[in-house]
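Reader: I am in my first year and still learning to read protein structures. Could you take me slowly through one part of this one and then show me how other parts of the chain can be read in the same way?

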Amino acid sequence: MACMKLGSKADAFQKKGQAWFCTTGLPSDIVVEVEDMSFHLHKFPLLSRSGVMEKLIADASEKGDANCTINLNDIPGGAKTFELVAKFCYGVKHEITASNVVHLRCAAEHLEMTEQYGEDNLISQTEIFFNQVVLKNWKDSLKCLQTCGDENIIPHAEELNITKRCIESLAVKASTDPNLFGWPMIDHGGPMQSPGGSLLWNGISTGARPVNLSSDWWFDDVSSLTLPLYKKLTLAMEARGIKQEIIAGSLEYYAKKYLPGLSRRKSSQMGPTAIDPPPEEDQKILLEEIDCLLPMQKGLVSTKFLFGLLRTALILRASPSCISNLEKRIGMQLDQATLEDLLMPNFSYSMETLYNFECVLRMVQHFMAIDQATGGASPCSIEDEQLLGSPSLTPVTMVAKLIDGYLAEVAPDVNLKLTKFMSLAEAVPEYARPMDDGLYRAIDIYLKSHPLLADSDREELCRLMDCQKLSLEACTHAAQNERLPLRIIVQVLFFEQLQLRTSIAGCFLVSDNLADGSRQFRSGLGAASQEGGWNTAVRENQVLKVGMDSMRMRVSELEKECSDMKQEIEKLGRVKGGSGGGSTWSNVSKKFGFRLKSQMCSAQEGSVSKQDNASGKVEKGRGKQHKHKKNLSWDE
């Protein structure tokens, strides 16, 4: 740390208890009291340097006070600073440093130690050191700014523009490439560099090169400032044009240092040094200030950090505007969140649900509003991608998958009402889900955890999912799920049969293509290569036959189940005195939302055991599937 040495006389000050004495051989004729310390000094050295001391001594002399006693409790810096002022007046050796220059400058101004009362007085000396040494060095400027945060110094430093000048100096240095000027690693009096750029030691090149610094080199230094000073410095840096992501990085570093809730998960990256946490009220003020300073822009800070701020804000009971802003910030980049982030405990007094469900709902709504306003993925584009068989992981698709996982996690909560569960599921538009397997899983868990749910509520809940968007595995599970309403099971069986028929038709096409390819292969290659290719084709055909056999069995089972259901429904119709079996089946099929021809449940129509006319049946199956889809109608 740089310093300025003043005075030439030996130190003649001695401390005895709570009193200082100047041992110059002359008896003391004045006592200056500062706080709980007494200074036994002489009038002439003090009044010859200070206008205030001259007036106070003159007033005491007019009163005829033999024991001249002066009280200076209001001097900036207190007793420690006045000790340095007294040494300056006596010409005793002492140093001005970055740690005491602000106190000395404020005390000199308070005591009117101008050039009128002596050449090279304390005001001019401190100004020279401050302007020519302190402001040109990063660490000295930072140290001076830290001392400006003392309670009894703040108003004086503000009045003399010391705080402003320190902030401007730091802002300029932070906005400049440190590798150009050696800040802050190569400070005043640091190692010199040779013309080639290597470091010098006693004029000899060491061959070592100075290390390049990243843009976050000043984060740890400024984190030692108090919140008011840090806020002023941040605003000054922003005005200087420092990039928003750098400002956001500094805010994140500062928050993690003083908010212990953000550091509960250890990170592999270097972070701020742990300190004793401030009181909760101070943490609350800090969090709200961080929210105000943080730019409202996507991607400046990690989503995990924003969730940490939100979780801490809920614990500390921060202002509603602060919580709302944090929810909006998270909503802007919700596609970057994880399931662990969303599982925030409910800190409200009511404890209605285990997790903070409403908070997640508001974030999803904000994300969807932004997605629609910015022209996000449309339903048409999603359908086109599904037809191509390669659904892209767009942000809205990622959020849909995330919310389905969240619903599955919170579904076992017995206090979670059906309306809340459905509101979050409906907050994600239908086109955002290429498949409804995740939503089906969440609904199934909710039904299992809420066995007393009314049949009408079960029906309404299951309408959230689209049976056409269930995979074959999900259809198989749903067809055997006793918790689902009968209407949903019938729909699932219908679409599962369509999927199986489509799969079988595709297998026949592949088999025909392989057969054509094997014939071409045999006609175009030699005997040795023909034998190897033929063996491969035979093995592939065998695998396809096994797969088709298993699918045939499954289709037969489904057709048998469908036929049994038809017979049971016809019996029920006869018992109730219905008009007839055929009309009863027609009414039931219309009630379930689709029309089925009688041939569909016939085992003869779905039989594909003969392979010689397989291609004709494939074309026939395609036509029927197209007709079924055309006749499909959902019950609004």
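In which helix is the place of aspartate 341?

Author: Aspartate 341 has its place in helix H16, which covers residues 339–342. Please keep in mind from the start that this is a predicted model, and that what follows is a reading of that model. With a relative accessible area of 3%, aspartate 341 falls under the 20% limit and therefore counts as buried. Leaving aside residues up to four places away in sequence, aspartate 341 touches Lys304, Phe307 and Arg311.

To place this residue in its setting, it helps to look at the whole chain, which has 27 helices and 9 strands. Of the 636 residues in the chain, 45% are buried, and aspartate 341 is one of the residues that count as buried. Among the contacts with a separation of 6 or more, 71% are between residues 24 or more positions apart. The accessible surface of the chain comes to about 33,400 Å², and carbon and sulfur atoms account for 54% of it.

From here we can turn to the interior. In soluble globular proteins, nonpolar side chains tend to be buried together. The largest nonpolar core in this model has 157 residues, and the members that touch the most others are Leu41 and Leu461. Helix H19 gives the most to this core, with 9 residues. That helix runs over residues 395–410, and its 16 residues should span 22 Å at 1.5 Å a residue, which agrees with the 22 Å between its end C-alpha atoms. The buried residues of H19 include Val396, Val399, Leu402, Ile403, Leu407 and Val410, but also Thr397 and Asp404. As for leucine 461, its contacts, not counting residues up to four places away in sequence, are Leu418, Phe421, Met422, Ile443, Tyr446, Leu447 and Leu453.

One of the buried residues of H19, Val396, also gives us a link to a loop. Proline 429 is placed in the loop between helix H20 (418–427) and helix H21 (437–449), and with a relative accessible area of 16% it is buried. Although proline 429 and valine 396 are 33 residues apart along the chain, their C-alpha atoms are separated by 9.0 Å.

Helix H22 covers residues 455–462, and serine 456 lies in it. Serine 456 is exposed, with a relative accessible area of 52%, whereas glutamate 459, whose place is also in helix H22, counts as buried at 18% relative accessibility. Both residues lead us to proline 485: the C-alpha atoms of serine 456 and proline 485 are separated by 9.2 Å, with their positions 29 residues apart along the chain, while glutamate 459 touches Pro485 and Arg487, again not counting residues up to four places away in sequence.

Helix H23, residues 472–479, holds alanine 479, which is buried with a relative accessible area of 19%. The C-alpha atoms of alanine 479 and isoleucine 489 are separated by 5.4 Å, and the two residues are 10 residues apart along the chain. Alanine 479 touches Ile489, Val492, Leu493 and Glu496, when residues up to four places away in sequence are not counted.

Finally, let us look at the rings, since the structure holds 9 aromatic pairs. In one of them, the rings of tryptophan 218 and phenylalanine 219 have their centres 4.9 Å apart and their planes at 85 degrees, so this pair is edge-to-face. Phenylalanine 219 also forms a pair with tyrosine 253, and here the centres are 6.3 Å apart and the planes 55 degrees apart, which makes the pair tilted. Because phenylalanine 219 lies in helix H10 (residues 219–222) and tyrosine 253 in helix H12 (residues 244–258), this pair ties together parts that are 34 residues apart in sequence. Ring pairs thus link Trp218, Phe219 and Tyr253 into a cluster. Tryptophan 218 is buried at 1% relative accessible area, phenylalanine 219 is buried at 10%, and tyrosine 253 is buried too. Elsewhere, a ring meets a charge: the charged end of lysine 16 sits over the ring of phenylalanine 21, at 5.6 Å from its centre.

Key: Residues numbered from 1 in each chain as written. Predicted model: local features only at pLDDT ≥ 70, side-chain atom pairs only at ≥ 80, totals over all residues. Heavy atoms only, no water. Phe/Tyr/Trp six-rings, centres within 6.5 Å; stacked < 30°, edge-to-face > 60°. Buried < 20%, exposed > 50% of the residue type's maximum accessible area, 1.4 Å probe, protein only. Helix = DSSP H or I, 4+ residues; strand = E, 2+ residues; numbered from the N terminus. Lys NZ or Arg CZ within 6 Å of the ring centre and 35° of its normal. Expected span 1.5 Å × (residues − 1). Core = buried A, V, L, I, M, F, W, Y, C linked by side-chain atoms within 4.5 Å. Contact = heavy atoms within 4.5 Å. Areas by Shrake-Rupley, 256 points an atom, 1.4 Å probe, with all protein chains shown as cover.
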